[in-house]
Each structure stands twice: as C-alpha cells, then as structure tokens.
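Please open the model in a viewer and keep the selection tool at hand. The tour proceeds from one strand to its partners, then to the core and a helix.

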Amino acid sequence: MNMFSPADRTKGSSRWILVNKDKTWSEAQSYCRQNYTDLASVRNLAENEEIKGLISNSSWIGLFRDVWKWSDGSAMSFSKWHDNQPEGGDEHCVVSLRGKWHDYLCSNRFYFVCYRAKPDTAIPTLFQCSGQI
Ligand SMILES: [Ca+2]
C-alpha cells in the first residue's frame, strides 16, 4: 500500500497524487482506493489550486452524481465549474482542467487525481460521555 508506481506523481504536501494512466472514472476510483485513499475531494479554493498546479491535462476528480457528491461520500460544499458547465444529461463524472471543472461521460478515459489521507492529521476521537452527569 501507498507505493508509488513510476507513473504516479505528487507535489507539495503529497496529499494529492496525479496518476498518468487513462482510465474511466470507475476504474480510476478503484485504482485510488487500492493504492491510496480515494479519488480527490476538493473542499475549498486552496485545494483546487493545489490540484490545478499538479495537472496539465483534463484529469478526473472524485466528483460525480446523481446528486453531486464526492467519491468518499462527502457532500459538494465547494465547486469551481467552468463557464457553461455542468451540461448535465448523461455526463455524471467530473474532470478538472486548469482548475475549472467539466462534467463528462464517466466512460471517457482521463488521467486522474487521488488523495492520500494522512494519519497525523486525522481528527482525534471525541471523548464520549457514557455515564450520568
Ligand atoms: Ca460537460
């Protein structure tokens, strides 16, 4: 686990991993889950800029729908659509190109961005009050 294949690239915090393999969105999701944590969830502008700096071609990120959400199940609270996107219809999966998002058919093949959760930044388990006060 967490072994970089020669084709996988990372930069900066190394939270993001660009995989230079053309895969469908579902294949990309499987690859990320097997080798890292999941396809990239982009939660704010800073993260969107980090990914923008890593990729040079259209690359899958974790966003998909029926209702737009991330591959890890989290809700879409931030978005950065390109003008006139999303077009909807049968386009249910999302690529980032120069930091702007486009919906595409999930069966298209693109490079993709995975993320890796860092154990040292995990949210500590909350203490629970199990008894009577
Ligand atoms: Ca589109």
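**Starting point: β7**

Select β7 (110-115) in this predicted model. The strand is mostly covered, with six of its six residues buried.

**The partners of β7**

Which strand is joined to β7 by five bridges? It is β2, and the two run antiparallel. To locate this pairing, display β2 (16-23) and look for Lys23, whose bridge partner in β7 is Phe110.

Next, select β3 (38-39). Two bridges join β3 to β7, again in an antiparallel arrangement. Asp38 may be used as a marker, since this residue stands opposite Tyr115 in β7.

Now add β4 (59-64) to the selection. Do β4 and β7 pair in the parallel or the antiparallel sense? The pairing is parallel, over two bridges. Here Ser59 stands opposite Tyr111 of β7.

**The nonpolar core**

Colour the residues of the largest nonpolar core, of which there are 28. Those with the most contacts inside this core are Leu39, Ala40, Trp60, Ile61, Phe112, Val113 and Cys114. At least two core residues come from each of β2, α1 (25-35), β4, β5 (93-97) and β7. The largest share, six residues, is supplied by β7.

Centre the view on Ile61. Beyond its neighbours within four places in sequence, Ile61 is in contact with Leu39, Ala40, Val42, Ile51, Val94, Val95, Ser96 and Val113.

**The helix α1**

Select Trp25, Ala28, Gln29 and Cys32, which are buried residues of α1. Viewed down the helix axis, the buried residues of α1 fall within an arc of 100°, so they line one face of the helix. Rotate the model to see what covers them: the cover includes β2, β3, β4, β5 and β7.

**After β7**

Move to Lys118, in the segment that follows β7. Is Lys118 buried or exposed? Lys118 counts as exposed because it has 11 C-beta neighbours inside 10 Å, and a residue with 12 or fewer is placed in that class. Then select Ser14: its C-alpha atom is separated from that of Lys118 by 9.6 Å, although the two residues lie 104 apart along the chain.

**The whole chain**

Finally, return to the full view. The protein chain has two helices and seven strands, in the order β-β-α-β-α-β-β-β-β. Of its 133 residues, 27% are buried. Among contacts between residues at least 6 apart in sequence, 62% join residues at least 24 apart.

Technical notes: Residues are numbered from 1 along each chain as its sequence is written. This is a predicted model: local features need pLDDT of at least 70, side-chain atom pairs count only at pLDDT 80 or more; totals for chains, interfaces and linings use all residues. Helices (H or I, at least four residues) and strands (E, at least two) are DSSP runs, numbered from the N terminus. A residue is buried if 20 or more other C-beta atoms lie within 10 Å of its own, exposed if 12 or fewer, and partly exposed in between; C-beta atoms are placed from the backbone. Two residues are in contact if their C-beta atoms, placed from the backbone, lie within 7 Å. A nonpolar core is a set of buried Ala, Val, Leu, Ile, Met, Phe, Trp, Tyr and Cys residues joined through C-beta atoms within 7 Å. The arc is that of the directions from the helix axis to the C-beta atoms. Two strands pair if DSSP finds at least two bridges between them.
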